[in-house]
Amino acid sequence: MKNNIFDTALLFEGGGMRVAHSAGVTNAMLECELFFDYVCGISAGSSNAVNYLSRDKDRAKRCFVDFVDMDNVIGVRHLLKGEGYFAADYIYGAASLPGGPLTLDFARFQENPAELRIGAFDCETGETVYWKRDDIEAIEDLLRMVRCSSTLPLLMPKTQFRGKTYIDGGIKSSIPLDIALRDGYEKFFIVLTREKGYRKKPMKNQRLLDRKFKDEPILADSLRHRWENYNKQMEQIERLEAEGMAIVVRPEQMRIRSTTANRIKLEKSYQDGYRLAMRQMDAWKKFLYR
């Protein structure tokens, strides 16, 4: 397995089920053989990053469209039982292991020489931790990293990994631009899940979060300032775009929410992403191969 783009970092934003749109973009890129040698994913974007590196177009779509038709994987009933809105034990466990409905081809993932970064929020330090390929010893490690990164606050129980507690990587770094900059990249291909000009606002349920995490002041404080961090990142990304240093892929219309479980709506968003990518592919290639 070989790559053909070496000077540009590919970054995937999260956003829960909104990543269905990114999955469409991903499959268009794979179909057109845009193979990046450095890939970062955060929150639900980490699943997309792994599927991209596995070059598994079928799994890329199943993870954000088809899987909602599976029994007992998503819904309020799981949340009320303490399992989380998304049944994480199953999704990042048996469902993704050999023989499961979301089987991850770990051998094929390992064949890809591209660098990988998966970000998760360390609940003890309040920092974003980025795992690399060297941190992955087995498929279970990779799945656990993706689960840590994708653990939505309030909607999913926090995840334990190697003696530490993690939650959604997007809390502090909604887009993994920080790690790509630290790794020395100056060109970026950034796949977002919000429309152009979107900015977050202070959370309306902040009091609920403060009560929920009253014994975890670091986490509560990070959640309180999440909107500010996100907006600063968006301003930084827009500057890079204006300077010609970044291609930024945004949905023209985001049809769905992070918790959407309607397969028809997810399919439409996936197709939106695929068609947008195909329309813009020539311009992307000019940027990437210049």
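Analyst: Let's start with a definition: Asp, Glu, Lys and Arg count as charged, ten others from Ala to Pro as nonpolar, and the rest, Gly among them, as polar. Keep in mind that this is a predicted model.

User: Okay, so how do the residues of the lining of the second largest cavity divide?

Analyst: Charged residues number six there, next to five nonpolar and one polar. You can look them up in the structure: the lining is made by L192, R194, E195, K196, G197, Y198, R199, Y230, M234, I237, E238 and R250. The second largest cavity has a volume of about 60 Å³.

User: What is a cavity, and how is it told from a pocket?

Analyst: In a cavity a 1.4 Å probe fits but cannot get out, while a pocket is an open set of points. Here, two cavities of 30 Å³ or more are counted.

User: What volume does the largest cavity have?

Analyst: About 270 Å³. Its lining has 22 residues, and the ones nearest the centre of the largest cavity are S47, C63, F64, I91 and Y92. Two elements, α2 (44-54) and α7 (139-150), each give two or more residues to that lining. The largest share is from α7, with four residues.

User: And by class, what does the lining of the largest cavity have?

Analyst: Try counting with the classes we began with. You get 16 nonpolar residues, five polar and one charged.

User: Now the open ones. How much space lies in the largest pocket?

Analyst: The largest pocket holds about 1,100 Å³ of space. To find it in the structure, look for R18, R194, K200, M203 and S258, which are the closest to its centre among the 30 residues that line it. R194 is a name you've met already, as it also lines the second largest cavity.

User: Which helix gives the largest share of the lining of the largest pocket?

Analyst: That's helix α11 (residues 226-242), with three residues. As for classes, the largest pocket's lining has nine charged residues, nine polar and 12 nonpolar.

User: Which residues line the second largest pocket?

Analyst: Here's the set: L79, G82, G84, L154, L155, M156, P157, K158, I167, K212 and F213. About 160 Å³ of space lies in this second largest pocket. Sort the names yourself, and remember where Gly goes. The result is seven nonpolar residues, two polar and two charged.

Terms used. Residues are numbered from 1 along each chain as its sequence is written. This is a predicted model: local features need pLDDT of at least 70, side-chain atom pairs count only at pLDDT 80 or more; totals for chains, interfaces and linings use all residues. Side-chain values use heavy atoms; hydrogens and water are left out. On a 1 Å grid over the protein atoms alone, a cavity is a set of points where a 1.4 Å probe fits but cannot get out, and a pocket is an open set with protein on both sides within 12 Å along at least five of seven lines; lining residues have an atom within 4 Å of a point. Grid points are joined across faces, edges and corners, and a volume is the space filled by probe spheres set on the points.
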